[in-house]
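Visitor: Hi, I'm new to this one. Could you walk me through it?
Guide: Happy to. Let's have it in front of us.

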Amino acid sequence: MIGDEFRNDGVPAAERFTHWRDRMCGRMEGFCVEEAGAADRADSGFLAEELEIGLGGLGVASRRYSPVDIHRKSADANKEGYQILMPVQGALLTDWEGRPTVSRPGALYFHDGTRLNTLGLRAPDARGHFHALTIDIPKDTLTLPARSLGRLIGQNLPGDEGPGALLTGVVSHVLDSATAYRPSDTTRLGTAVLDLVHAYLAHQLESKTTAALDPEHRQHALLVRVVDFMRHQLADPELTPQRVADAHHISVSYLHRIFRAHTEGRQTVAGWIRRQRLEHARRDLADPVLAAVPVHRIAARWGYTHAAAFTRNFRAAYGVTPREYRHGSVGDS
């Protein structure tokens with residue numbers, strides 16, 4: 001089985017909330033947790049059930065609780081990463097930058113934790129429990145522009161049809177089938193989930209920007225399409241800024257200008273392509289199933305036609321050669 005389980009039903013009823021609260025406060029620095037509606041509950045005690053699975057850089061979880069409130073208690077409270085919350089049962093009450101939102105089954109809530117003030121987890125009735133699935137996503141794994149993603153943060157997004165339903169279904173299946181997977185499956189599953197997250201967020205961004213008429217909104221929509229195009233063309237050795245610009249009927253100079261503007265000057269188009277190719281190749285080199293595939297074939301799979309250039313770029317990015325990295329990853333597994 002992959003994943004870590006937590007249950008508090010083995011703790012005396014009177015101590016269950018404190019037991020879980022201490023665990024949560026240690027993991028959510030800067031926030032405090034309070035029990036909600038305990039007077040309306042039977043004497044069975046506070047319920048907390050969690051299944052957390054690490055999928056490479058991502059994390060997915062199933063969380064079932066009696067009603068609680070989570071409040072920010074420190075201005076320094078922070079969570080480095082994005083999170084998608086998918087209510088399955090009950091309601092999620094949030095206050096993000098002073099904007100209250102209620103999320104129920106069928107909706108997805110996307111946030112980054114840096115400006116989240118409160119979370120209220122509510123059961124559907126006095127005897128029920130709140131249940132949600134979550135995806136934790138390190139910020140540097142999402143290749144969509146951060147400024148564009150800012151348009152989705154702190155909002156209810158549709159999750160009961162199309163890409164949202166697909167994403168929810170896959171995460172639910174991974175969690176329900178944790179006993180069917182091996183530890184070596186986790187990185188591959190993480191890649192699949194991350195691809196679905198990208199597809200879902202790109203779909204939402206396009207939905208929100210296609211009807212907008214002002215230039216900034218049109219640039220956001222264009223950049224989302226550009227990034228999505230590059231993600232799906234990484235294996236093509238002919239993928240260059242010129243090819244990207246031609247595919248979107250814009251000049252190379254305009255492509256560079258909007259890319260710099262929306263990545264705040266941190267990356268060039270060519271640098272983005274190189275980094276993504278190297279990251280995909282790095283994951284393949286660490287996969288024991290691909291241990292017999294020659295390094296030059298891994299490189300070619302991600303658009304490198306010259307093995308020497310791949311080795312040089314890989315060493316510059318990770319400090320070791322591809323063969324050294326593979327030996328350290330697969331050899332120790």
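Guide: A word to start with: buried means under 20% relative accessible area, exposed over 50%, and partly exposed in between, using a 1.4 Å probe and protein chains only. This is a predicted model, where local features need pLDDT of at least 70 and side-chain atom pairs pLDDT 80 or more, while totals for chains, interfaces and linings use all residues. Residues are numbered from 1 along each chain as its sequence is written, and side-chain values use heavy atoms, leaving out hydrogens and water.

Visitor: Which residues are buried in H3?
Guide: They are Gly-164, Leu-167, Thr-168, Val-171, Val-174 and Leu-175. Helices here are DSSP runs of H or I with at least four residues, strands are E runs of at least two, and both are numbered from the N terminus.

Visitor: Where do those buried residues fall, seen down the axis of H3?
Guide: Within an arc of 130°, so they line one face of the helix. The arc is taken from the directions from the helix axis to the C-beta atoms.

Visitor: New topic: what volume does the largest pocket have?
Guide: About 840 Å³. On a 1 Å grid over the protein atoms alone, a pocket is an open set of points where a 1.4 Å probe fits, with protein on both sides within 12 Å along at least five of seven lines; lining residues have an atom within 4 Å of a point. The volume is the space filled by probe spheres set on the points, which are joined across faces, edges and corners.

Visitor: Which lining residues are closest to its centre?
Guide: Of the 31 that line the pocket, Thr-187, Thr-191, Glu-279, Arg-282 and Arg-283 are the closest. Helices H4 (186-209), H5 (215-232) and H8 (269-285) each supply at least two residues of the lining.

Visitor: How many aromatic pairs are there?
Guide: The count is 10. Rings of Phe, Tyr and Trp (its six-membered ring) pair if their centres lie within 6.5 Å; planes under 30 degrees apart are stacked, over 60 edge-to-face, and the rest tilted. Phe-17 and Phe-46 are edge-to-face, at 5.1 Å centre to centre with 80° between the planes.

Visitor: Where in the chain do those two sit?
Guide: Phe-17 is in helix H1 (residues 16-27) and Phe-46 in the loop between strands S2 (31-35) and S3 (48-55), 29 residues apart. Phe-310 and Phe-314 also pair: their centres are 5.7 Å apart and their planes at 55°, so this pair is tilted. Being four residues apart in helix H10 (residues 307-318), Phe-310 and Phe-314 are separated by about one helical turn.
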